[in-house]
Amino acid sequence: QVKLVESGGGSVQAGGSLRLSCVASGYRRSWYSSGYMAWFRQALGKEREVVAAIYPAGGQTYYYDSVKGRFTISHDNANNMMYLQMNFLKPEDAGMYYCAADPYAAQPLVRTEYRYWGQGTQVTVSS
């Protein structure tokens, strides 16, 4: 059974930084050779949107336009970890952040491509 668990959320002032972590249990090592892993966020009253995605096999990364240059997604396959380094945070970055993964995902920025999700970690950014 695949389980994703996020951590690292918290409350920061605008301009601050946070590093989110996601640990994947039950995720087969062979699955890192295909598919994608990603971070999504959902603000109150809004739809869940992609923040960043990574192709573990090759390291290619994809970012939502509003976070480019501020956020960095990375992974550590050996330890089943994925990270999201968030710098220069803005109030509009606030929300629940979810990690997602799917070895059969073909479109990294599409929410419905991911079958495995964590429970989320809350990020609050005050102005």
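Two strands are said to pair if DSSP finds at least two bridges between them. In this predicted model, one such bridge links F71 to its partner M86 in β8. This briefing covers the open sheet, the pairings of β11, the largest nonpolar core and the largest pocket.

**The open sheet**

- Four strands make up an open sheet, and their order across it is β1-β3-β8-β7.
- The pairing within this sheet is antiparallel.
- At the edges stand β1, residues 3-7, and β7, residues 71-76, each of which pairs on one side only.
- On average, and with direction ignored, neighbouring strands of this sheet are turned by 15 degrees against each other.
- Six bridges connect β7 with β8, the strand of residues 81-86, in the antiparallel sense.
- The bridge between F71 and M86 involves a residue of β8, namely M86.

**Strand β11 and its partners**

- Strand β2, residues 10-13, runs parallel to β11 and is joined to it by four bridges.
- Within β11, V125 is the bridge partner of V12.
- Strand β9 also pairs with β11, here in the antiparallel sense and over three bridges.
- For G95, the bridge partner in β11 is V123.
- The side chains of β11 alternate along the strand: those of T121, V123 and V125 point to one face, and these residues are buried.
- Q122, T124 and S126 point to the other face of β11 and are not buried; a residue counts as buried when its relative accessible area is under 20%.

**The largest nonpolar core**

- The largest nonpolar core contains 28 residues.
- Among these residues, W39, L84, M86 and Y97 touch the most other members.
- Several strands each supply at least two residues of this core, including β4 (36-42), β5 (49-54), β9 (95-102) and β11 (121-126).
- Strands β7 and β8, which pair in the antiparallel sense, likewise each supply at least two residues.
- The largest share of the core comes from β3, which gives four residues.
- M86 therefore appears in two settings, as the bridge partner of F71 and as one of the core residues that touch the most other members.

**The largest pocket**

- The volume of the largest pocket is about 190 Å³.
- Its lining consists of 13 residues.
- Nearest the centre of this pocket lie R41, K46, E49, E92 and D93.
- By type, the lining divides into eight charged, three nonpolar and two polar residues.

How values were computed
Residues numbered from 1 in each chain as written. Predicted model: local features only at pLDDT ≥ 70, side-chain atom pairs only at ≥ 80, totals over all residues. Heavy atoms only, no water. 1 Å grid on protein atoms, 1.4 Å probe; cavity = no way out; pocket = protein on both sides within 12 Å on 5 of 7 lines; lining within 4 Å. Points joined across faces, edges and corners; volume = space filled by probe spheres on them. Nonpolar A, V, L, I, M, F, W, Y, C, P; charged D, E, K, R; others polar. Axes fitted to C-alpha atoms, helices over the stretch in contact; angles between N-to-C directions. Core = buried A, V, L, I, M, F, W, Y, C linked by side-chain atoms within 4.5 Å. Buried < 20%, exposed > 50% of the residue type's maximum accessible area, 1.4 Å probe, protein only.
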